[in-house]
Amino acid sequence: RRDTQAVMQALLRQTSKAAGRAALFSPSPPGGVQSCLGGVRHIGQVGVPENYGQIKDGGPGTKFLGTPDNHRELLARRPISPDVLDIDGKAHYKFPIVALSSITNRVTGCVLSGAVGFGGLVSVAGGPEALPAFIEGYKALVPILVFPTKMVFSFPFVYHTLGGFRHIYWDKTMKGIDNDSAKMSSIALFVASGGLTAALASYTF
C-alpha cells in the first residue's frame with residue numbers, strides 16, 4: 001500500500017509540473033492563463049494550441065518554444081545539403097587528393113560525353129566530313145588556341161582512361177584502396193595524366 005501511495009504521489013507531482021510548463025510556455029491572452037486554457041486541446045495535462053505551428057492562420061507558431069523572430073531568415077541562410085560551404089562561404093571540409101581525384105574522374109567523364117555528343121551532332125548535321133572540316137577550319141581561324149584546345153580535350157581522355165584502369169585494378173585485386181595507397185595512386189594519376197596530356201597536345205597529326 002505504501003508503494004502504491006508513493007507511485008500516486010510521484011504521478012501527481014509530474015502532472016503538476018507538466019501543467020505548470022503548459023501554463024508557462026503557452027501564450028497568455030489578455031484574459032490570463034484561465035482564458036488561455038479554454039482555447040487549447042488537452043493531451044493529458046499538457047495544453048497544445050489549436051493552431052500550433054500555423055503562423056499563416058494567425059497562430060503563435062513555435063515562438064513560445066523559443067523560436068527567434070528571424071527564423072525564416074536563418075533558414076534561408078542555412079547551408080544546403082550537402083553543405084560544402086558554410087553561411088560565410090567558407091568550405092566545411094578539406095579536399096584531400098583522393099577526393100579531388102574522384103571528383104576529377106567524374107568531371108572528365110562528363111566532358112568526354114559532351115565532346116562525343118557534340119562531334120556526333122556535327123556529323124549528323126553536316127555529314128561524315130563535317131567534323132574534320134570543322135577542326136581544320138578552327139585550326140586555321142585561331143592557330144594560337146590549337147595547343148590549349150588539344151590540352152583541354154586530351155586531359156579528360158587520358159585522365160579518365162588511367163582512372164578506369166586504376167578502378168579495374170581495385171575491383172579485381174581489392175588492393176590499393178587503403179588511405180595511404182589511394183593517396184599515392186591519386187598523385188601518380190595526376191602526374192601521369194599531366195605528362196601524357198602534354199605529349200599528346202604537342203603531337204601534330
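Which residues does N105 touch, not counting residues up to four places away in sequence? They are Y159, H160, G163 and H167, where touching, or contact, means heavy atoms within 4.5 Å.

Before going further, a word on the model. This is a predicted model, in which local features need pLDDT of at least 70 and side-chain atom pairs count only at pLDDT 80 or more, while totals for chains, interfaces and linings use all residues. Residues are numbered from 1 along each chain as its sequence is written, and side-chain values use heavy atoms, with hydrogens and water left out.

**The chain as a whole**

The chain has seven helices and two strands, and from the N terminus on they run α-α-β-β-α-α-α-α-α. These elements are DSSP runs numbered from the N terminus, with helices being H or I of at least four residues and strands E of at least two. Of the 205 residues, 17% count as buried; buried means under 20% relative accessible area, exposed over 50%, and partly exposed in between, using a 1.4 Å probe and protein chains only. Among contacts with a separation of 6 or more, 52% are between residues 24 or more positions apart.

**Helix α4 and its partners in α6**

N105 has its place in helix α4, as do T108 and G109. Here is how buried each of them is:

| Residue | Relative accessible area |
|---|---|
| N105 | 14%, buried |
| T108 | 4%, buried |
| G109 | 16%, buried |

T108 shares some of the neighbours of N105: T108 touches F155, P156, Y159 and H160, again leaving out residues up to four places away in sequence, and Y159 and H160 are also among the residues that N105 touches. T108 and P156 are 48 residues apart along the chain, yet their C-alpha atoms are separated by 4.5 Å. For G109 and P156, 47 residues apart in sequence, the C-alpha to C-alpha distance is 7.1 Å.

**Helix α6**

P156 brings us to α6, residues 146-173. With 28 residues at 1.5 Å a residue, this helix should span 40 Å, and its end C-alpha atoms are 41 Å apart, which agrees; the expected span is 1.5 Å times one less than the number of residues. There is a bend of about 25° at S154, and the proline P156 follows within four residues. The bend at a residue is the angle between axes fitted to the seven residues ending there and the seven starting there.

Buried residues of α6 are V146, S154, P156, V158, Y159, G163, R166 and W170. They pack against α4 (97-126), α5 (130-141) and α7 (179-202).

In the loop between α6 and α7 we find M174. Its phi is near 60°, a positive value in a residue other than glycine. M174 is exposed, with a relative accessible area of 59%.

**Where α4 meets α5**

The axes of α4 and α5 come within 8 Å and cross at roughly 110°. That makes α4 roughly perpendicular to α5, a label for angles of 65 to 115 degrees. Axes are lines fitted to C-alpha atoms, for helices over the stretch in contact, and angles run from 0 to 180 degrees between N-to-C directions. On the α4 side, the contact is made by F118, G119, V122, S123 and G126, and on the α5 side by A130, L131 and F134. These residues divide into five nonpolar, three polar and no charged. Here Ala, Val, Leu, Ile, Met, Phe, Trp, Tyr, Cys and Pro count as nonpolar, Asp, Glu, Lys and Arg as charged, and the others, Gly among them, as polar.

Technical notes: Angles under 35 degrees count as roughly parallel, over 145 as roughly antiparallel, 65 to 115 as roughly perpendicular and the rest as oblique.
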